[in-house]
Each structure stands twice: as C-alpha cells, then as structure tokens.
Amino acid sequence: MSESTPHDAVRIGIVSISDRASSGIYEDKGLPALREWLGKALKNPITFEERLIPDEQATISQALIELVDAGCALVLTTGGTGPAKRDVTPEATLAVAHKEMPGFGEQMRQISLAFVPTAILSRQVAVIRDNCLIINLPGQPKAIAETLEGAKNADGSVRVNGIFAAVPYCIDLIGGPYLETNDEVVKGWRPKTAVRPSH
C-alpha cells in the first residue's frame, strides 16, 4: 500500500447480547473477542461502537438501528441465536432488515458443523439495513473466531471458508468503506475489477 492511498477509516458496531453479562453476573467475553479479532483481521483504522445488552427483542432491535444511524458500515452481534426461549437475536435482527443475506447464516452453520454436531441448532442471520451489514455470530469467543476465519486443516490450508472473506466486497456493494484484510488472519475476496489499485 502506498502512502498516497491510506486505508479507509471504518466504524464498526459490536453488540454482546446476554442477560447475565449485561446485569453483571459474569464478565462479558463477547465484546473483547470481537474487538481483538477485528483488530487483527483488518488493516483499516477502526472506531468501535459497543453495546452490552440483555436478551430483549425490542432492546436489540433499537441498538441495531442506533448503530446503523451512527454510521456503522458493519455490525457484529454475539449471543442469543440458539433455540432457547430467551434467544431472540435473529428475530430482533430480521425486524430491522431492509434485505436478508441468507448465505451468511448457511455458511456459518457449515463452518460450525466442522466442529460440533449441534451447529444445526444455531439460527444466526445476516441482513442489510441502509448502508450497513449486520451479522449475528455465535456466543463463544472460540466459535466467533472459527466462524469468521473458517476451519483450517492441520497444514494451515482452508477446509471451510470463513464468512469474513465475503464481508469487504459486500460492504463495497452497499456503499461502505473499502475494507482491507490481513491475509494471514482471513483473506478478503473481491473480483479483480473491484480491487483498488495500491498505487
């Protein structure tokens, strides 16, 4: 990258959804995991907008709307995507959607199935609202990283593609900043015509 083309700044919303963590019963691990992973994966300067909220559908929907209105190009949520009664993150996300992006949910379950058979119980969705991509991720830090990066073989080659490889180009298509990935973490993919020249 030449000095004449600096990396676009990006505002990213990260939302941890948990009754117990939001009420202080235990320490939230979702926000630190998202911050750390994104900091490693992206070359762009990132401003984080963070929320730690309970499993309340209206509260989640409101937080997502606020983050989109605040100018986030990407919002990642963690938690509340299983079949339990209090798991309402997908419903809250779909309620604010302008478009659904079902491929993300399909791929997240494929990745998780490489690790656990209970991945089919996960209901994560991804949607677009205005110029923002919103993705529901699993609740555990290890599963968050696996979902974003994909499953790798013992030699480091990719066994199942992670979902983040498709995120930069998706954000291009909806009018967001040009995201650039650190390939050793996850390699963002674009068609050649969409790659920004570095000089």
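# Exercises: pockets and salt bridges

The lining of the largest pocket divides by class into eleven nonpolar, 14 polar and nine charged residues. Here Ala, Val, Leu, Ile, Met, Phe, Trp, Tyr, Cys and Pro count as nonpolar, Asp, Glu, Lys and Arg as charged, and the others, Gly among them, as polar. This is a predicted model, in which local features need pLDDT of at least 70, side-chain atom pairs count only at pLDDT 80 or more, and totals for chains, interfaces and linings use all residues. Residues are numbered from 1 along each chain as its sequence is written, and side-chain values use heavy atoms, with hydrogens and water left out.

**Exercise 1.** Find which residues lie nearest the centre of the largest pocket, and which element gives the largest share of its lining.

*Solution.*
- Step 1. Fix the term: a pocket is an open set of points on a 1 Å grid over the protein atoms alone, where a 1.4 Å probe fits, with protein on both sides within 12 Å along at least five of seven lines; lining residues have an atom within 4 Å of a point.
- Step 2. Go to the centre: of 34 lining residues, Gly79, Gly80, Pro138, Gly139 and Gln140 lie nearest.
- Step 3. Check the elements: strand 1 (10-17), helix 1 (19-22) and helix 6 (141-149) each give two or more residues to this lining. Helices (H or I, at least four residues) and strands (E, at least two) are DSSP runs, numbered from the N terminus.
- Step 4. Pick the main contributor: helix 6, with four residues.

**Exercise 2.** Within helix 6, state how Glu146 and Lys142 pair, and whether each is buried or exposed.

*Solution.*
- Step 1. The two side chains form a salt bridge, at 2.7 Å from N to O. The rule asks for a side-chain nitrogen of Lys or Arg within 4 Å of a carboxyl oxygen of Asp or Glu.
- Step 2. Both residues sit in helix 6, four residues apart, about one turn of the helix.
- Step 3. Glu146 is buried, at 16% relative accessibility. Lys142 is exposed, at 59%. The cut-offs are under 20% relative accessible area for buried, over 50% for exposed, and partly exposed in between (1.4 Å probe, protein chains only).

**Exercise 3.** Trace Arg190 from the second largest pocket to its salt-bridge partner.

*Solution.*
- Step 1. Of the 15 residues lining the second largest pocket, Arg190 is one of those closest to its centre, with Tyr178, Glu180, Gly188 and Val195.
- Step 2. Arg190 bridges to Asp172, with the closest N and O atoms 2.6 Å apart.
- Step 3. Arg190 lies in the segment after helix 7 (167-173) and Asp172 in helix 7, so the pair ties together parts 18 residues apart in sequence.
- Step 4. Arg190 is buried at 13%; Asp172 is partly exposed at 22%.
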